[in-house]
Amino acid sequence: MEPISLNEYLSADNIWTKRLLGIESFGQVRNCEQIEREYNQDFYGKIAAQFRNCSSINEILQYASLQYANSNTYISFQDEIFRVSSIMANQLKATILKSKLEQYCSDYICELGCGYGINLTLLDGNVYGGEYCNNAVKLAQQLGMEVYPFNYYNMEDYGIIKESSTVFTCHSIEQIPDARCVIEGLSKCRDKIRCVVNFEPTVIHQRKNFLGLIRNRYIELNDYNRNLIELLQKNKDIEILEYNTDVFGINPLNPFNIIAWQFKS
Ligand SMILES: C[S@@+](CC[C@H](N)C(=O)[O-])C[C@H]1O[C@@H](n2cnc3c(N)ncnc32)[C@H](O)[C@@H]1O
C-alpha cells in the first residue's frame, strides 16, 4: 500500500480533475431513468449476458479478479490516499463490511440496493436483499440468492423486510439524491428492523479542507445523495449508534461513511 499525495492523485491524468475544476463540463440528473441506463442496461445487462448459464457467483468473481489482476487503483482511509492493487482494494472493502455487520447482526441480514448480491456472499447466516435493476435481480436469483425487486421510491417495496432484520446499504442510498423516501419507507416497517447500517457517501456540510470540499462537489456533479446524515441526525425517532465519516473510499472522491442507527422503541 503506497501513500500518494493529493497533488499526485488529482493530477491531469485523473478524469475527475478537470470536471471538478469546471474546465470540462459534467453534470447528471440521478433518477430512475439514469439508473436504468447506467446500471440495468450497461453494467448488469452486460454481466448478465456474459453469464447467462452460470450458476455460481465464484465464476463471476474469478472473472472479475482476472480482469483487474494486474491493475492498480487508489483508495482512501479518511483523508489519506493510497495506491493499491485492485484486488486488495476489494478485499479491504469486504473486510470492513463483514466485520462491521458481524457487530450489528440480527436473525436476518438484508441489503437494499444489493446489485446481484456480491456483498451478501461475504456474510454467514440468513441473508437476503432487494434491488432495483431487473437484470441484477435475475442474475442474483440465477446464482441461488434470495434477492427481490425493490425500489427505494416505492413505499410498498419495503414489505420485503423480514422480522428481526439488520438492514444495510452500501453505495446505494448514494444513488438517491434526497433520502426522505428511504427513511419514510424504513419507518413503515420499523418494528421488524433491529438496526440499520449505512456504508454510504453523502454531502457533509462540516467538511472544510480542500479534499472535503472536492468530495462534496463530486457528489453534487453526480447528483448523489445530499442529506442522509442530516435526516438521520434531526429525526427524533432515531437513535444513532455509530457515526464515522470518510471511513473507506474504493474511490477516494466518494468514500463511505459508516452510520449505524435504530428506531427508538
Ligand atoms: C454503486 S451500486 C452498489 C451495489 C452494491 N450495494 C455494492 O456495494 O456493490 C448502486 C446500486 O444501487 C442500486 N439502486 C439505484 N437506485 C435504486 C433504487 N431506486 N432502488 C433500489 N436500488 C437502487 C443500483 O441498481 C445498484 O445496484
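Visitor: By class, what residues does the shell around the ligand have?

Guide: The shell has 10 nonpolar, seven polar and three charged residues. Here Ala, Val, Leu, Ile, Met, Phe, Trp, Tyr, Cys and Pro count as nonpolar, Asp, Glu, Lys and Arg as charged, and the others, Gly among them, as polar. This is a predicted model: local features need pLDDT of at least 70, side-chain atom pairs count only at pLDDT 80 or more, and totals for chains, interfaces and linings use all residues. Residues are numbered from 1 along each chain as its sequence is written, and side-chain values use heavy atoms, with hydrogens and water left out.

Visitor: Which residues come nearest the ligand?

Guide: Tyr 44, Glu 111, Asn 119, Glu 131 and Cys 170, out of 20 around the ligand. A residue is near if one of its heavy atoms lies within 4 Å.

Visitor: Which atom of Cys 170 lies 2.9 Å from a nitrogen atom of the ligand?

Guide: A backbone N or O atom. Glu 131 uses a polar side-chain atom, 2.6 Å from a ligand oxygen. Asn 119 also places a polar side-chain atom by a ligand oxygen, at 2.9 Å. A polar contact is a pair of N or O atoms within 3.5 Å; within protein, one must be able to donate a hydrogen and the other to accept it, and residues adjacent in sequence count only if both atoms are side-chain atoms.

Visitor: Which helix gives the largest share of the shell?

Guide: Helix H3, residues 32-50, with three residues. Helices (H or I, at least four residues) and strands (E, at least two) are DSSP runs, numbered from the N terminus.

Visitor: New topic. What is the strand order in the open sheet?

Guide: E6-E5-E4-E7-E8-E10-E9, seven strands with mixed pairing. Two strands pair if DSSP finds at least two bridges between them.

Visitor: Why is one side of E6 and of E9 left without a neighbour?

Guide: Strands E6 (147-149) and E9 (238-248) stand at the edges, so each has a single partner strand.

Visitor: How do E8 and E10 pair, parallel or antiparallel?

Guide: Antiparallel, over five bridges, between residues 193-200 of E8 and 256-263 of E10. Val 196 stands opposite Trp 261 in E10.

Visitor: And where is His 171?

Guide: In the loop between strand E7 (165-170) and helix H7 (180-188).

Visitor: Which residues is His 171 in contact with, leaving aside neighbours within four places in sequence?

Guide: Phe 199, Glu 200, Pro 201, Asn 254 and Phe 256. Contact means heavy atoms within 4.5 Å.
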